[in-house]
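The questions below go through one protein chain step by step. Each answer works towards a value or a name.

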Amino acid sequence: MKTKVSQRRGTHSDKKGRGDCYKSQGRAQKRVLYIGNLQNNSRRDILRVFRFYGPIKRLWVSKCATYAFLEFRNPGDAHFARCRLNGGVIGGEDDKNHRIIVDWADVQ
């Protein structure tokens, strides 16, 4: 089964039209991402999509499989994956109800 990822374009931009992936905004040391609104996605599907952005240290998926936490080895990879995948779709149809949420996890 192939995993398809679709993305919204132009959701994060500055005054010059560049995406916020070009700005670090003081988040350079964060490595753990929260992935929410998952729909019938297995660990394998999540890893297949996020592995494209860099080496993954750890993945934890909830028992109900609706959210997950993913830790990258490099902070820059986490930042880039967050920018590119927030609002995207993992597998299935490009439906606004199935867009995933990718944001920084609050790790204490």
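Q: How many helices and strands does the secondary structure of the protein chain come to?
A: The model is a predicted one. Along the sequence, its elements follow the pattern β-β-α-β-β-α-β-β. The total for the protein chain is 2 helices and 6 strands.

Q: In what order do the 4 strands of the open sheet stand?
A: Strands of a sheet pair through backbone hydrogen bonds, either parallel or antiparallel. In this open sheet the pairing is antiparallel. The edge strands, each pairing on one side only, are β3 and β6 (101-104). Neighbouring strands are turned by 20° against each other on average, direction ignored, and the order is β3-β4-β2-β6.

Q: Over how many bridges do β3 and β4 pair?
A: Strand β4 covers residues 67-72 and pairs with β3 in the antiparallel sense. I56 stands opposite F72 of β4. The pairing of β3 and β4 runs over 5 bridges.

Q: Which strands does α1 touch where it packs on the sheet?
A: The direction of α1 makes about 145° with that of β3. Helix α2 also packs on the sheet, touching β2, β4 and β6, and its direction makes about 145° with that of β6. The strands touched by α1 are β2 (32-36), β3, β4 and β6.

Q: Which element gives the most residues to the largest nonpolar core?
A: In soluble globular proteins, nonpolar side chains tend to be buried together. The largest nonpolar core here has 21 residues, and those with the most contacts inside it are L33, I35, I46, F50, L70 and F72. Two or more residues come from each of β2, α1, β3, β4, α2 and β6. With 4 residues, the element that gives the most is α1.

Q: Which residues does I46 touch, not counting those up to four places away in sequence?
A: I46 is among the residues with the most contacts inside the largest nonpolar core. Two others named with I46 there, I35 and L70, are also among the residues that I46 touches. The list in full is I35, L38, N41, L59, V61 and L70.

Q: Is E71 buried or exposed?
A: E71 is found in strand β4. Leaving aside neighbours within four places in sequence, E71 is in contact with R31, V32, I56, K57 and R58. Its relative accessible area is 15%, and a value under 20% counts as buried, so E71 is buried.

Q: How are the planes of the rings of Y53 and F80 arranged?
A: A pair of aromatic rings is described by the distance of the centres and the angle of the planes. For Y53 and F80 the centres are 5.6 Å apart and the planes stand at 65°. An angle over 60 degrees counts as edge-to-face, so the pair of Y53 and F80 is edge-to-face.

Q: How many residues apart in sequence are the parts that the pair of Y53 and F80 ties together?
A: Y53 lies in the loop between α1 (43-50) and β3 (56-61), while F80 belongs to helix α2 (residues 75-85). Y53 counts as buried at 10% relative accessibility, whereas F80, at 37%, counts as partly exposed. The parts tied together are 27 residues apart.

Q: Which residues do ring pairs link into a cluster?
A: The count of aromatic pairs comes to 7. In one of them, Y67 and F69 have their ring centres 6.1 Å apart and their planes at 85°, so this pair is edge-to-face. Y67 is partly exposed at 29% relative accessibility, and F69 is partly exposed at 30%. The cluster linked by ring pairs is Y34, W60, Y67 and F69.

Q: Where is A65, a residue other than glycine with a positive phi?
A: N37 also has a positive phi, near 65°; the place of N37 is in the loop between β2 and α1. For A65, phi is near 60°. A65 is partly exposed, with a relative accessible area of 23%. The place of A65 is the loop between β3 and β4.

Q: What share of the 108 residues in the protein chain is buried?
A: The accessible surface of the protein chain comes to about 7200 Å², and 47% of that surface belongs to carbon and sulfur atoms. The buried residues make up 39%.

Terms used:
Residues numbered from 1 in each chain as written. Predicted model: local features only at pLDDT ≥ 70, side-chain atom pairs only at ≥ 80, totals over all residues. Heavy atoms only, no water. Phe/Tyr/Trp six-rings, centres within 6.5 Å; stacked < 30°, edge-to-face > 60°. Buried < 20%, exposed > 50% of the residue type's maximum accessible area, 1.4 Å probe, protein only. Pairing = 2+ DSSP bridges. Axes fitted to C-alpha atoms, helices over the stretch in contact; angles between N-to-C directions. Contact = heavy atoms within 4.5 Å. Core = buried A, V, L, I, M, F, W, Y, C linked by side-chain atoms within 4.5 Å. Areas by Shrake-Rupley, 256 points an atom, 1.4 Å probe, with all protein chains shown as cover.
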